[in-house]
Amino acid sequence: MLKVADTALTHREPVDYLQLERTLLKVMPQQRLVSDPLRTLAYGTDASFYRLIPKLVVIVENEAEVQALLAACRRQDIPITFRAAGTSLSGQAVSDSVLCILGDGWNNIDVAADAGSIRLGSGVIGSDANRRLEPFGRKIGPDPASINACKVGGIAANNASGMCCGTAQNSYQTLESMRLILADGTLLDTADGASREAFARSHKTLLHRLDDLARRTRDDAELAQRIRRKFAIKNTTGYSLNALIDFTDPLEILQHLMIGSEGTLGFISQITYRTVPEYANKASALLLFPDIEVASRAVIRMKSTPVSAVEMMDRAKVCARSRTSLACRTTSVRWDRRRRRCWSRRAPRTKTRCATTLPK
Ligand SMILES: Cc1cc2nc3c(=O)[nH]c(=O)nc-3n(C[C@H](O)[C@H](O)[C@H](O)COP(=O)(O)OP(=O)(O)OC[C@H]3O[C@@H](n4cnc5c(N)ncnc54)[C@H](O)[C@@H]3O)c2cc1C
């Protein structure tokens, strides 16, 4: 939730959402302002088990509308929550105030000539970006399991990552530049020199404070080491504090803090990602180990090999799921009853037989 004023959560006076709606009607059509009980109820949930019924749903199509919405909410001390596809699992995309939803105006995709980077509107679905990159043997780094539904704005704001990208290819690591709107309505395009310069002039104090905070964090060896350790593993709790020790340029710090900020620091309009290789040939295998410790040691060994994902299943899980002879949805393992062997199938062209036969 983006708080447009410090007092937003402790309203001294009841908020006049009708007035907000009237203000917004000057810049957007009625169809994109939803306040009727039935539809606000429907918008009251994302993929999490939380329910908060928004007072007003605003479907935005462009940056000017976002700026107008932020300005209007700022004037009235009204909190705003952004929603891309709403597949968040922890209630990030629900609100009992204003819910700002991405319309169809955020779907631009521009692939660089060498396909080494891709500029994406925040409404692009992750798998659509990958489809555009497929002919070049590239893909975007973040690979949440929800990639067929979730959108770039949500992927970045959650710093979502899946089985393969880990902490090496997530939004934080593959971010090249960002177009963003802060709560005060300022638009910053970190890829555009003129925009960077204008921002450096208009937000001198903010950048100075970020610089100071980063210096103090880096100078505190114990704190810096703790942050390094915490972010070496997948860590999407709280802000990306690693930005304070990874970068010295305050603008780099700012755009990396936006990653994982869950919409609380500003609105992400566009992102340019450095792309990563999408290998034409992939294979998966089922390996059996005598115990968890040996399996864990093998995982460490595999870190220096081209293995990009490891999923650990204990014996109870393998047996419970595979002996039914049904394709196991979680593990993609199929039990061949006659040969007492497992088959693992990840994708049509990557069928692999496991090396070992399960003991009776
Ligand atoms: C079946 C399933 C599988 C999943 N698998 C994974 C997984 O493997 N890994 C993983 O990390 N997560 C996973 N998730 C969680 C979720 O799908 C991802 O975090 C996803 O990236 C959220 O994207 P979204 O477009 O749905 O964003 P939303 O849920 O709409 O929003 C996510 C956050 O981003 C903010 N936001 C949205 N758009 C903007 C914007 N333009 N500017 C600023 N802030 C914005 C929202 O306020 C919210 O805080 C899964 C969810 C489901 C349902």
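Strand 6 (residues 117-121) and strand 10 (residues 266-274) run antiparallel and are joined by 5 bridges in this predicted model. Two facing pairs help you find the register: arginine 119 sits opposite threonine 272 in strand 10, and glycine 121 sits opposite glutamine 270 in that strand.

On its other pairing, strand 6 meets strand 5 through 3 bridges, again antiparallel. Here valine 111 faces isoleucine 118 in strand 6. The hairpin of strand 5 and strand 6 has 5 residues between the strands, and alanine 115 adopts a positive phi near 60° there.

Zoom out, and these strands belong to an open sheet of 5 strands with antiparallel pairing, in the order 5-6-10-8-9. Strand 5 (109-111) and strand 9 (187-189) are at the edges; each has a single partner strand, so one side of each has no neighbour in the sheet. From one strand to the next, the twist averages 15°.

There is also an open sheet of 4 strands, with the order 1-2-4-3 and mixed pairing. Its edge strands are strand 1 (33-34) and strand 3 (80-83), each of which pairs on one side only. Inside that order, strand 2 (residues 56-60) and strand 4 (residues 98-102) run parallel, with 5 bridges between them. If you want a landmark for this pair, leucine 56 stands opposite valine 98 in strand 4.

Now for the helices that lie across these strands. The table lists what each one covers and its angle to a reference strand.

| Helix | Lies across | Angle to reference strand |
|---|---|---|
| Helix 1 | strand 1 and strand 2 | about 20° to strand 2 |
| Helix 3 | strand 2, strand 3 and strand 4 | about 150° to strand 2 |
| Helix 3 | strand 8 (175-182), strand 9 and strand 10 | about 45° to strand 8 |
| Helix 4 (residues 126-133) | strand 5 and strand 6 | about 30° to strand 5 |

Helix 3 turns up twice there: it lies across strand 2, strand 3 and strand 4 of the 1-2-4-3 sheet, and also across strand 8, strand 9 and strand 10 of the 5-6-10-8-9 sheet.

How do helix 1 and helix 3 run relative to each other? The axes of helix 1 (residues 17-24) and helix 3 (residues 63-76) come within 10 Å and cross at roughly 150°. Angles over 145 degrees count as roughly antiparallel, and the two helices are therefore roughly antiparallel to each other. The crossing of helix 1 past helix 3 is right-handed.

As for who touches whom, helix 1 brings Gln19, Leu20, Thr23 and Leu24, while helix 3 brings Ala68, Leu69, Ala72, Cys73 and Gln76. By class, that contact has 6 nonpolar and 3 polar residues, with no charged ones.

Finally, a word on confidence. The protein averages a pLDDT of 89, and 85% of the residues score at least 70. Two stretches are worth flagging. Residues 325-331 have a pLDDT below 50, and the model gives this stretch 11 contacts beyond near neighbours in sequence. Residues 346-360 also have a pLDDT below 50, with 25 contacts in the model beyond near neighbours in sequence.

Terms used: Residues numbered from 1 in each chain as written. Predicted model: local features only at pLDDT ≥ 70, side-chain atom pairs only at ≥ 80, totals over all residues. Axes fitted to C-alpha atoms, helices over the stretch in contact; angles between N-to-C directions. Parallel < 35°, antiparallel > 145°, perpendicular 65-115°, else oblique. Left-handed = near helix turned anticlockwise from the far one by under 90°. Contact = placed C-beta atoms within 7 Å. Nonpolar A, V, L, I, M, F, W, Y, C, P; charged D, E, K, R; others polar. pLDDT = per-residue confidence, 0-100. Pairing = 2+ DSSP bridges.
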